[in-house]
Amino acid sequence: MVTARLPQDEIDRAVVALREGELVAFPTETVYGLGADAQNPDAVRKVFELKGRPATHPLIVHIDHPRQLERWALSVPPAAHALAERFWPGPLTLVLRRAPAVDLAITGGQETVAVRVPSHPVAQQLLRAFGAGIAAPSANRYGRVSPTRTEHVQEEFGAAVPVVLDGGDCKIGLESTIVSCVDAVPRVLRPGAITLSQLRAVVPEIVDVQGASVPRVPGSDAKHYAPRTPLSIVNSRTLEEVVRQLTADHGKVAVLAMRPPRAANKFMTWINAGRRAEIYARELYVNLRTLDKSGAREILVEEVPAGEAWDAVRDRLRRAATAENVVTVDPDIAALRADFGEDVLPP
Ligand code: TXA
Ligand code: MG
């Protein structure tokens with residue numbers, strides 16, 4: 001995995017592009033970002049246009065050091081200070097009241113701003129060389145799977161984003177944990193690699209209200225982080241049965257599971273992503289992209305375990321699936337088949 005620094009001339013080219021109001025894709029430890037000079041409203045508008053993202057959905061401002069926070073936030077409450085101290089640089093985004101100079105194009109018209117100090121060495125190099133804030137969402141089309149490699153950014157945007165800094169595969173692979181410190185009680189708006197108990201070890205009163213509608217978090221839209229192929233979450237017990245039904249007419253099915261298949265089936269592509277949350281998370285978007293390209297009519301994802309270590313993965317999978325995509329199999333039939341074999345027919 002390449003996480004080394006890049007040659008300075010590559011960084012310099014990216015800085016020139018940013019200063020000229022162009023967009024630059026860059027690696028972070030979570031996912032790749034599509035960056036614009038945060039002080040250039042036209043450049044920021046380009047991000048929204050290129051992503052196809054509604055103007056009301058705010059961007060994260062990336063800075064190189066916590067001391068830059070004062071430029072972007074009107075005030076930094078003690079809880080935010082404590083979290084920044086403990087988790088920056090790293091996969092944490094803080095939502096704070098915006099400083100008056102923060103462009104409303106970034107904040108989606110809101111009075112709050114999201115800020116993060118990424119730890120990826122290339123992101124750090126870029127931010128230091130640029131010397132100012134970079135507004136960046138994940139470098140994918142609106143609603144799609146976030147990129148964790150440069151090829152993904154190229155797949156999403158091609159020549160429309162000429163400067164893509166290559167920092168190798170993202171180590172975390174899921175977007176940052178977002179905590180709003182705007183109200184008296186800080187709230188988790190999006191789960192990520194930093195878990196609720198890690199946050200609570202620093203700020204015990206933090207509450208978990210993912211998917212709250214205010215402030216707006218596009219990641220909480222019904223369908224987000226989604227492949228093109230319909231995706232359904234399926235209980236492990238019924239997985240093979242659902243595959244059997246869906247491939248009965250020789251249609252293809254793709255499966256993301258945590259174990260090997262119990263029955264062979266030539267119409268299925270099966271990825272065993274294993275049972276370790278950290279590795280599963282790191283590879284989730286690569287795996288979804290692979291399965292999306294397999295020509296399957298449906299992606300089935302084995303339900304992941306309960307428990308905090310899986311919160312971020314569970315959240316992204318839930319958003320990638322939609323209610324109308326959920327395939328169900330009568331559990332009684334599945335159980336009977338498990339006991340008596342294929343002779344049990346569906347009603
Ligand atoms: O890991 C990450 O956070 C990546 C990397 C590139 O830093 N970025 C990322 O950006 O995931 P994006 O735009 O895909 O998601 C940013 C999230 C959105 O859900 C957005 O609504 C939320 O941050 N956000 C931004 N500003 C906000 C605000 N003022 N209040 C509430 N949520 C905000
Ligand atoms: Mg995104």
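**Exercise 1. Classify Tyr225 as buried or exposed, and describe its backbone.**

*Solution.* Step 1: Tyr225 has a relative accessible area of 4% in this predicted model. Step 2: buried means under 20% relative accessible area, so Tyr225 is buried. Step 3: as for its location, Tyr225 belongs to the loop that runs between strand 10 (207-208) and strand 11 (231-234). Step 4: the phi angle of Tyr225 is near 55 degrees, a positive value in a residue other than glycine. Most residues other than glycine have a negative phi.

**Exercise 2. Determine whether His250 and Lys252 are buried, partly exposed or exposed.**

*Solution.* Step 1: both residues are placed in the loop between helix 9 and strand 12; this holds for His250 and for Lys252. Step 2: the relative accessibility of His250 is 53%. Exposed means over 50%, so His250 counts as exposed. Step 3: Lys252, with 43% relative accessibility, counts as partly exposed, because this class lies between the limits of 20% and 50%. Step 4: His250 also has a positive phi, near 70 degrees, although it is a residue other than glycine.

**Exercise 3. State which residues Lys252 touches, leaving out those up to four places away in sequence.**

*Solution.* Step 1: the residues touched by Lys252 are Phe267, Ser294, Gly295, Ala296, Arg297 and Glu298. Step 2: take Ala296 from this list. Lys252 and Ala296 are 44 residues apart in sequence, yet their C-alpha atoms are 4.5 Å apart in space. Step 3: set this pair beside a figure for the protein. Of the contacts with a separation of 6 or more, 67% are between residues 24 or more positions apart.

**Exercise 4. Describe how far helix 9 and helix 6 are covered.**

*Solution.* Step 1: helix 9 comprises residues 239-246, and six of its eight residues are buried, so that the helix is mostly covered. The buried residues of helix 9 are Leu239, Glu240, Glu241, Val242, Val243 and Leu246. Step 2: helix 6 comprises residues 121-130 and is likewise mostly covered, with seven of its 10 residues buried. Among those buried in helix 6 are Val122, Leu126, Leu127 and Phe130. Step 3: the packing partners of the buried residues of helix 6 are helix 1 (8-19), strand 1 (24-26), strand 2 (33-37), strand 3 (60-62) and strand 6 (134-136). Step 4: Gly131, just after helix 6, has a positive phi of about 75 degrees.

**Exercise 5. Decide whether Val102 is buried or exposed, and name what it touches.**

*Solution.* Step 1: Val102 sits in the loop between strand 4 and helix 5 (104-107). Step 2: its relative accessibility is 3%, and Val102 therefore counts as buried. Step 3: without residues up to four places away in sequence, Val102 touches Trp72, Thr107 and Val113. Step 4: a distance can be added for Pro41, which is 61 residues from Val102 along the chain; the two C-alpha atoms are separated by 9.8 Å.

**Exercise 6. Identify the residues with the most contacts inside the largest nonpolar core, and examine Leu199.**

*Solution.* Step 1: the largest nonpolar core has 49 residues, and Leu83, Leu92, Leu94, Val179 and Leu199 have the most contacts inside it. Step 2: apart from neighbours within four places in sequence, Leu199 is in contact with Leu83, Phe87, Leu92, Thr177, Val179, Val188, Ile194 and Ile206. Step 3: another core, of 28 residues, lies apart from the largest one and includes Leu231, Trp310, Val313 and Ala321. Step 4: in soluble globular proteins, nonpolar side chains tend to be buried together.

**Exercise 7. Explain why the second largest pocket lies between two domains, and describe its lining.**

*Solution.* Step 1: the pocket has a volume of about 250 Å³. Step 2: its lining consists of 14 residues, of which Ala193, Ala277, Glu278, Ala281 and Ala309 lie nearest the centre. Step 3: helix 10 (277-292) and helix 11 (311-320) are the elements that give two or more residues to this lining. Helix 10 gives the most, with four residues. Step 4: by type, the lining divides into eight nonpolar, two polar and four charged residues. Step 5: the lining receives residues from both domain 1 (8-208) and domain 2 (231-345), and therefore the pocket lies between them.

Conventions
Residues are numbered from 1 along each chain as its sequence is written. Chains are lettered from A and ligands numbered from 1 in the order in which they are written. This is a predicted model: local features need pLDDT of at least 70, side-chain atom pairs count only at pLDDT 80 or more; totals for chains, interfaces and linings use all residues. Side-chain values use heavy atoms; hydrogens and water are left out. On a 1 Å grid over the protein atoms alone, a cavity is a set of points where a 1.4 Å probe fits but cannot get out, and a pocket is an open set with protein on both sides within 12 Å along at least five of seven lines; lining residues have an atom within 4 Å of a point. Grid points are joined across faces, edges and corners, and a volume is the space filled by probe spheres set on the points. Ala, Val, Leu, Ile, Met, Phe, Trp, Tyr, Cys and Pro count as nonpolar, Asp, Glu, Lys and Arg as charged, and the others, Gly among them, as polar. Domain bounds come from an automatic or database domain assignment. A nonpolar core is a set of buried Ala, Val, Leu, Ile, Met, Phe, Trp, Tyr and Cys residues joined through side-chain atoms within 4.5 Å. Buried means under 20% relative accessible area, exposed over 50%, partly exposed in between (1.4 Å probe, protein chains only). Contact means heavy atoms within 4.5 Å.
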